[in-house]
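The following exercises concern one protein chain and are to be solved with its sequence and coordinates at hand. Each task is followed by a worked solution.

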Amino acid sequence: MKKTFLLMALAAVSTATLAKLPAPVLDDAAKAKAEEAKAKTAHTGKVDAYKLCLSMDKAAANHQKTLAAAGKTAKPATATPPCADPGPFVWPAPASAAAPAAAPAPAAAAPAKKS
């Protein structure tokens with residue numbers, strides 16, 4: 001009884017302490033990195049779903065083959081959409097970051113030509 005009460009009190013105190021922490025302030029680079037991580041996670045989920053779809057198709061084909069070899073009939077397959085390959089992960093570079101990087105390059109090249 002005492003252990004249970006102590007654990008409940010400890011959980012309540014730690015939850016209250018964590019609830020009071022302020023949200024971290026993110027700069028533009030951190031926000032962009034977080035968005036990229038979010039996009040990578042979503043793409044990984046799509047790739048995992050694609051691999052699962054392929055493995056389920058392979059298992060169903062094997063099951064149909066095994067039943068046919070045994071001389072048994074199987075229920076007709078349920079119509080499902082084909083597996084869609086999501087392709088490789090491509091993260092587009094932000095347009096605002098590309099423009100300032102391009103502007104200093106010609107300025108640095110111009111003095112080098114004058115010398």
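**Exercise 1. Determine the handedness of the link between Cys53 and Cys83, and establish which parts of the chain the pair ties together.**

Step 1. The torsion about the S-S bond is -80 degrees, and the link of Cys53 and Cys83 is left-handed.

Step 2. Cys53 belongs to helix α2, whereas Cys83 lies in the loop between α2 and α3 (95-102), so the pair ties together parts that are 30 residues apart in sequence.

Step 3. The sulfur atoms of Cys53 and Cys83 are 2.0 Å apart; a disulfide is defined as a pair of cysteine sulfur atoms within 2.5 Å. A search of the whole structure finds 1 disulfide.

Conventions: the model is predicted, so that local features need pLDDT of at least 70 and side-chain atom pairs count only at pLDDT 80 or more, while totals for chains, interfaces and linings use all residues. Residues are numbered from 1 along each chain as its sequence is written, and side-chain values use heavy atoms, with hydrogens and water left out.

**Exercise 2. State how many helices and strands the chain has, and what percentage of its residues count as buried.**

Step 1. The chain contains 4 helices and 0 strands, in the sequence pattern α-α-α-α. Helices (H or I, at least four residues) and strands (E, at least two) are DSSP runs, numbered from the N terminus.

Step 2. Of the 115 residues, 3% count as buried. Buried means under 20% relative accessible area, exposed over 50%, and partly exposed in between (1.4 Å probe, protein chains only).

Step 3. The chain exposes about 10100 Å², of which carbon and sulfur atoms supply 69%. Accessible areas come from the Shrake-Rupley method with a 1.4 Å probe; for residues, only the protein chains shown count as cover.

**Exercise 3. Classify His43, Cys53, Leu54 and Glu36 as buried or partly exposed.**

Step 1. His43 is found in helix α2 (residues 28-69). His43 counts as buried because its relative accessibility is 15%.

Step 2. Cys53 has a relative accessible area of 17% and is therefore buried.

Step 3. Leu54, also placed in helix α2, counts as partly exposed because its relative accessibility is 39%.

Step 4. Glu36 is found in helix α2. At 26% relative accessibility, Glu36 is partly exposed.

**Exercise 4. Identify the residues that His43 and Glu36 touch, not counting residues up to four places away in sequence.**

Step 1. Contact means heavy atoms within 4.5 Å.

Step 2. With residues up to four places away in sequence not counted, His43 touches Pro86, Gly87, Pro88 and Phe89.

Step 3. Under that sequence filter, Glu36 touches Phe89 and Trp91.

Step 4. Glu36 and Pro92 are 56 residues apart along the chain, and their C-alpha atoms are separated by 9.2 Å. For Leu54 and Pro82, 28 residues apart in sequence, the C-alpha to C-alpha distance is 9.2 Å.
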